[in-house]
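Reader: Could you walk me through this chain, from the overall fold down to single contacts? I'd like short reasoning with each reply.

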Amino acid sequence: HNLLLKPTILGRVNLGAHSSVWYGATLIGTKGIDIGNFSIIQDRSHLSNQVKIGDHVFVGPNCVIQGS
C-alpha cells in the first residue's frame with residue numbers, strides 16, 4: 001500500500017508563487033503565515049503563529065518555526 005501524507009494547512013496561510021509545502025508539514029496560521037515566492041517548506045516541518053518566510057528560502061525537514 002502507498003501512503004501519502006499530505007501537508008496540513010489551517011488558518012490564514014499565504015503561499016507565494018512557485019513555492020511548495022511537502023508531505024507531513026503542518027502550517028497553523030491562527031495569526032497568519034506568509035511564505036514568499038520560490039520557497040520550499042520541507043517534509044514534517046511545523047510553522048505556527050505569526051511567521052513570515054521570505055523569497056527563495058529553503059526550510060529543511062523537521063524544522064519547527066514559531067512566531068510570537
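Reader: How many helices and strands does the chain have?
Author: This is a predicted model, so local features need pLDDT of at least 70 and side-chain atom pairs count only at pLDDT 80 or more, while totals for chains, interfaces and linings use all residues. Residues are numbered from 1 along each chain as its sequence is written, and side-chain values use heavy atoms, with hydrogens and water left out. Helices (H or I, at least four residues) and strands (E, at least two) are DSSP runs, numbered from the N terminus. Read along the sequence, the pattern is β-β-β-β-β-β-β-β, and the totals are zero helices and eight strands.

Reader: What is the radius of gyration of the chain?
Author: The radius is taken over C-alpha atoms, and the globule rule is 2.2 Å times the number of residues to the power 0.38. For 68 residues that rule gives 11 Å, and the chain comes close to it, so it is as compact as a globular protein of that length. The value for the chain is 11 Å.

Reader: Which strands stand at the edges of the open sheet?
Author: Two strands pair if DSSP finds at least two bridges between them. Three strands form the open sheet, with parallel pairing and the order β2-β4-β7. Two of them have a single partner strand each, so one side of each is left without a neighbour in the sheet: β2 (20–21) and β7 (58–59).

Reader: And which residue in β7 does I41 stand opposite?
Author: Strand β4 (residues 40–41) is joined to β7 by two bridges, and the two run parallel. Across from I41 in β7 is V59.

Reader: Which element gives the most residues to the largest nonpolar core?
Author: A nonpolar core is a set of buried Ala, Val, Leu, Ile, Met, Phe, Trp, Tyr and Cys residues joined through side-chain atoms within 4.5 Å; buried means under 20% relative accessible area, exposed over 50%, partly exposed in between (1.4 Å probe, protein chains only). Here the largest one has ten residues: V21, A25, L27, I33, I35, I41, L47, V51, I53 and V59. The elements giving two or more are β3 (26–35) and β6 (51–53). The top contributor, with three residues, is β3.

Reader: What does I41 touch, leaving out residues up to four places away in sequence?
Author: Contact means heavy atoms within 4.5 Å. I41 is itself a member of that ten-residue core. Its partners are S20, V21, W22, A25, L27, I35, L47 and V59.

Reader: How many residues apart in sequence are the parts that D34 and R12 tie together?
Author: A salt bridge is a side-chain nitrogen of Lys or Arg within 4 Å of a carboxyl oxygen of Asp or Glu, and the count here is two. D34 bridges to R12, with the closest N and O atoms 3.6 Å apart. D34 lies in strand β3 and R12 in strand β1 (residues 8–15), so the pair ties together parts separated in sequence by 22 residues.

Reader: In the R44 and D43 salt bridge, is D43 buried or exposed?
Author: The two side chains meet at 3.5 Å, N to O. R44 is partly exposed at 40% relative accessibility. D43, at 9%, counts as buried.

Reader: How far apart are the C-alpha atoms of P7 and T26?
Author: P7 sits in the segment before β1 and touches V21, W22, Y23, G24 and A25, not counting residues up to four places away in sequence. P7 and T26 are 19 residues apart along the chain, and their C-alpha separation is 5.8 Å.
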